[in-house]
Amino acid sequence: MTAEVLMSFCRDGAASEAQESKLEFYPLKGFSPNGGLWTAGKLAKAAKSKVDARFDLEQDRQNYSEVAGLPDLCDPDTAGTEPEGQDAVLARAHLAAAFLNCYGTKIMRNQDKPGWQAEGNMSEA
């Protein structure tokens with residue numbers, strides 16, 4: 001199964017109203033993990049065309065932020081940095097939870113750079 005949209009609701013403090021966060025995965029090329037996660041509606045048609053032109057099926061992961069002109073919310077190069085904005089925080093939390101939920105997956109400190117990395121069976125995420 002391939003996810004297309006990631007929806008969530010959160011509050012910024014106990015007394016605040018719930019806020020919606022809608023994120024879109026793009027490009028969707030079957031089961032290829034080589035794609036990005038964007039705030040819904042912000043990735044314009046022209047940016048999608050540029051992302052499609054850069055897509056390489058042989059690559060496991062590419063960075064699309066530069067060609068899209070928007071931050072890719074699941075960019076692995078941002079590991080160890082503080083996420084900026086509600087959508088970035090929620091994207092990181094949801095993706096981490098998806099990897100932790102997979103059978104046989106372990107989260108371990110990355111020895112090469114700051115942050116954590118998932119090891120094991122992540123095929124269900």
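The legends below describe three close-up views of a predicted model.

**View A. A nonpolar surface patch that includes a residue of strand 1.** Val 5, Met 7 and Phe 9 together make a nonpolar patch of about 290 Å² on the surface of the predicted model. Of these residues, Met 7 has its place in strand 1, which covers residues 5-10. With a relative accessibility of 38%, Met 7 counts as partly exposed, because that class lies between the limit for buried residues, under 20%, and the limit for exposed residues, over 50%.

**View B. The antiparallel pairing of strand 4 with strand 5.** Strand 4, made of residues 106-109, and strand 5, made of residues 116-119, run antiparallel and are joined by four bridges. Within this pairing, Ile 107 stands opposite Ala 118, a residue of strand 5. The hairpin formed by the two strands has six residues between them, and in this hairpin Gly 115 takes a positive phi near 115°.

**View C. The surroundings of Asn 110 in the loop between strand 4 and strand 5.** Asn 110 lies in the loop that links these two strands, and its relative accessible area is 15%, so Asn 110 is classed as buried, the limit for that class being under 20%. The side chain of Asn 110 reaches the backbone nitrogen of Asp 112 at a distance of 2.9 Å. When neighbours within four places in sequence are left aside, Asn 110 is in contact with Gly 115, Trp 116 and Gln 117; of these, Gly 115 is the residue with the positive phi in the hairpin of strand 4 and strand 5.

Terms used:
Residues numbered from 1 in each chain as written. Predicted model: local features only at pLDDT ≥ 70, side-chain atom pairs only at ≥ 80, totals over all residues. Heavy atoms only, no water. Patch = residues over 30% accessible without salt bridge, like charges linked within 9 Å, V, L, I, M, F, W, Y side chains within 5 Å. Areas by Shrake-Rupley, 256 points an atom, 1.4 Å probe, with all protein chains shown as cover. Salt bridge = Lys/Arg side-chain N within 4 Å of Asp/Glu carboxyl O. Buried < 20%, exposed > 50% of the residue type's maximum accessible area, 1.4 Å probe, protein only. Pairing = 2+ DSSP bridges. Polar contact = N/O pair within 3.5 Å; in protein donor to acceptor, adjacent residues only side chain to side chain. Contact = heavy atoms within 4.5 Å.
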